[in-house]
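Q: Could you take a close look at the charged side chains in this one and walk me through who pairs with whom? I'd like the surroundings too, not just a list.

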Amino acid sequence: MERVIPVLYNRKEECCGCTACYAICPKKAIRMVEDEKGFAYPQIDEKYCVGCNQCMKICPIKASSGK
């Protein structure tokens, strides 16, 4: 069974920077990386991600949009 790496956002506007995904990841596969303006966005390290989707379930933007 192939693991599927979640897509947290496609555009920066789809991330509020709350760090909920970072905090819930059981494998510490998400790190927060600052952009050129100093806003931190989550990035998934595919070698540690097990595809559990906890990050997608906890995301307030994904939860409110039903995605």
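A: Sure. This is a predicted model, and it holds four salt bridges. One of them brings D35 and K12 together, with the closest N and O atoms 3.2 Å apart. That pair links distant parts of the chain: D35 sits in the loop between β1 and β2, K12 in the segment before α1 (20-24), and 23 residues separate them. D35 counts as buried at 15% relative accessibility, while K12 is partly exposed at 34%.

K12 also meets the side chain of E36 in a salt bridge, at 3.8 Å from N to O. E36 lies in the loop between β1 and β2 and K12 in the segment before α1, so this pair ties together parts that are 24 residues apart in sequence. E36 counts as exposed, with 68% relative accessibility. Elsewhere, salt bridges that share partners join R11, E13 and E14 into one network. Within it, the side chains of R11 and E14 meet at 3.4 Å, N to O.

Now for the hairpin that carries the D35 and E36 loop. Strand β1 (residues 30-34) pairs with strand β2 (residues 40-44) in the antiparallel sense, over five bridges. R31 stands opposite Q43 in β2. Five residues lie between the two strands, and G38 in the turn has a positive phi of about 90°. E34 belongs to strand β1 and is exposed, with a relative accessible area of 58%. Leaving aside residues up to four places away in sequence, E34 touches F39 and A40.

What about a charge that has no partner? K62, found in helix α3 (residues 60-65), is buried yet has no salt bridge. The nearest side chain of opposite charge is E14, 4.8 Å away, and the cut-off for a salt bridge is 4 Å, so E14 is too far from K62 to count. The K62 side chain does reach the backbone oxygen of L8, at 2.8 Å.

And since you'll probably wonder about cysteines: the count comes to zero disulfides. C49 is in none, as the nearest cysteine sulfur, that of C55, is 6.4 Å away. C49 counts as buried, at 10% relative accessibility. For C52, the closest cysteine sulfur is in C25 at 6.0 Å, which is too far for a bond. C52 counts as partly exposed, at 32% relative accessibility.

Technical notes: Residues are numbered from 1 along each chain as its sequence is written. This is a predicted model: local features need pLDDT of at least 70, side-chain atom pairs count only at pLDDT 80 or more; totals for chains, interfaces and linings use all residues. Side-chain values use heavy atoms; hydrogens and water are left out. A disulfide is a pair of cysteine sulfur atoms within 2.5 Å. Buried means under 20% relative accessible area, exposed over 50%, partly exposed in between (1.4 Å probe, protein chains only). Two strands pair if DSSP finds at least two bridges between them. Helices (H or I, at least four residues) and strands (E, at least two) are DSSP runs, numbered from the N terminus. Contact means heavy atoms within 4.5 Å. Lys and Arg count as positive and Asp and Glu as negative; His and the chain ends are not counted. A polar contact is a pair of N or O atoms within 3.5 Å; within protein, one must be able to donate a hydrogen and the other to accept it, and residues adjacent in sequence count only if both atoms are side-chain atoms.
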